[in-house]
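Student: I should like to go through a protein model with you. Could we take it step by step?

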Amino acid sequence: MRIQPTHHDGDGGAPIRLRDEPIEFDDLEHTQGDRDLADRAALRRVAGLSTELTDITEVEYRKLQLERVVLVGVWAGAASTAVAAEESMAELARLAETAGSVVLEAVMQRRSHPDSATYVGSGKVTELKEIVEVTGADTVICDGELTPSQLRNLEEKLRVKVVDRTALILDIFAQHARSREGKAQVELAQLNYLVPRLRGWGSVLSRQRGGRVAAGAGIGSRGPGETKLEIDRRRIHRRISQLRSDLKDMRRVRDTKRSQRRANAVPAVSIAGYTNAGKSSLLNRLTDAGVLVEDALFATLDPTTRRSRTTDGRVYTLTDTVGFVRHLPHQLVESFRSTLEEIGDADLLLHVVDGSDENPEAQVSAVREVLGEIDALSVAEIIVVNKIDAADEMTLTRLRHVLPGAVFVSARTGAGIDELRDRIAAALPDPAVAVNVLMPFSEGALVSRVHSEGTVLGEEHTPDGTLLQARVYPDLAGVLAPFAAAG
């Protein structure tokens, strides 16, 4: 007779029979308390997140190229809902695919809080191990930031690599970093994440010097006298110091460029928003910048600044910034602080929202949470709902009610872009000074500068020179003062 395996939950509950399918609560006639208890006991599979291909030729290729992963989430806290938990898991699946893996299975457990030892409880680890063995997965990704002990315990019990959400995002950033500054920022974030998680217990360690003998060395302690773990930690701290010094120098260059723009009184506009919301596409549509546009998370890490003009001819700069995501690792926020300061120092913020997303309101909340961390909530903001060509009409109707004053555009088709340009022109400060000057023909370079940096209201060629009526910034107005026309 075959015995169906059972086990005890890590919280000391009753034995739980292993299940191959999720519990359908709507089919059970129980009280809400019974349902909650059953929900906590179940390791629910999240349907629809597997990305394994069925075409045999593609499968054979991808199995050689991509990591095979199982996703694990914990639905914790009274404020959390099943919908929010499943949305977070769906985003984790997209992150895993972006990092270069194929999702085989996704499971989720409801708990009051994650287990301090194994994240999902010792009983659920046994179920998770069986899932890993059945699917042939080589990596488990947890939807949260694991403590060093949780990471170590899970790897020891599952016997496969375990990665948390923070490490996954850091890995994606490392893949997409292109500039020297971007690579340094990502490396700094990775090292700050790694330091408390260094592990070295075992045969690789040398013996520590100690004991009450001459020179402070005891039996069996003669040798290098320093563990490999300590050497690694010291090297990492040295590298962190070097990276911070390098980033400080790069920040000085960035601040110099920013101060030059301020001296010229050129207004600055920053584009911020959730990852893959279409920020780079919007930059290209507004400025013909030609930056990389890719349907992937965190495709843009290095900020791009381009010059543009308002509908009435005023010059301003437009900067594309790194995208945000739910639970953005604090190591990244700290490492990218110099880059994110572009947002806090802007005169205007274009907050881009993906209108085709299932829950765009959650994107707005996640972005504003990060803006609060970098002290940028006081910047004037225009919410831009993008991708309206791919959005559901009911969702757009809801957003028009929830986000009054938002501009609805499609960076791909150009719909709504003209309205956005008008809103930008109305929101930007206008420090320009009106001038009426008669420029000698020998001052052609200054005339050209008025055309490129200011707004020409009128131009007339006379025998004595070029008569210009224009609006220019204060520094250029001072240069033109000696040529002021009479009357």
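Tutor: The following exchange concerns a predicted model, starting with its general make-up and moving on to its interior.

Student: What does the secondary structure come to?

Tutor: The protein has 16 helices and 16 strands.

Student: And how much of the protein is buried?

Tutor: Of its 487 residues, 48% are buried. The accessible surface comes to about 24500 Å², and carbon and sulfur atoms account for 50% of that area.

Student: What share of the contacts joins residues at least 24 apart in sequence?

Tutor: The share is 69%, counted among contacts between residues at least 6 apart in sequence.

Student: Turning to the interior, which residues touch the most other members of the largest nonpolar core?

Tutor: That core has 64 residues, and those touching the most other members are Leu 71, Leu 282, Phe 324, Ile 343, Leu 350, Leu 420 and Ile 424. Helix H3, residues 82-99, gives the most to this core, with seven residues. At least three residues come from each of domain 1 (68-173) and domain 2 (265-427).

Student: Is there a second core, and what does it include?

Tutor: A separate core of 21 residues includes Val 74, Val 102, Leu 128 and Cys 142.

Student: Back to Leu 350: what is it in contact with, leaving aside its neighbours within four places in sequence?

Tutor: Its contacts include Leu 282 and Leu 286, as well as Leu 420 and Ile 424. Val 269, Ile 271, Leu 318, Ile 382 and Val 384 are also among them.

Student: Leu 282 belongs to helix H9. Is that helix mostly covered or mostly open?

Tutor: Helix H9, residues 279-287, is mostly covered, as seven of its nine residues are buried. The buried residues are Lys 279, Ser 280, Leu 282, Leu 283, Asn 284, Leu 286 and Thr 287.

Student: What covers them?

Tutor: The cover includes strands E8 (268-273), E9 (304-309), E10 (315-320), E11 (348-354) and E12 (381-386), together with helix H14 (417-427).

Student: What follows H9 in the chain?

Tutor: Asp 288 follows H9, and its phi is positive, near 55°.

Student: A change of topic: how many aromatic pairs are there?

Tutor: The count is zero, with ring centres required to lie within 6.5 Å of each other.

Student: Which charged ends sit over rings, then?

Tutor: The charged end of Arg 110 sits over the ring of Trp 75, at 4.7 Å from the ring centre. Likewise, the charged end of Arg 400 sits over the ring of Phe 408, at 4.4 Å from the ring centre.

Terms used: Residues are numbered from 1 along each chain as its sequence is written. This is a predicted model: local features need pLDDT of at least 70, side-chain atom pairs count only at pLDDT 80 or more; totals for chains, interfaces and linings use all residues. Side-chain values use heavy atoms; hydrogens and water are left out. A nonpolar core is a set of buried Ala, Val, Leu, Ile, Met, Phe, Trp, Tyr and Cys residues joined through side-chain atoms within 4.5 Å. Buried means under 20% relative accessible area, exposed over 50%, partly exposed in between (1.4 Å probe, protein chains only). Helices (H or I, at least four residues) and strands (E, at least two) are DSSP runs, numbered from the N terminus. Domain bounds come from an automatic or database domain assignment. Contact means heavy atoms within 4.5 Å. Accessible areas come from the Shrake-Rupley method with a 1.4 Å probe; for residues, only the protein chains shown count as cover. Rings of Phe, Tyr and Trp (its six-membered ring) pair if their centres lie within 6.5 Å; planes under 30 degrees apart count as stacked, over 60 as edge-to-face and the rest as tilted. A charge sits over a ring if NZ of Lys or CZ of Arg is within 6 Å of the ring centre and within 35 degrees of the ring normal.
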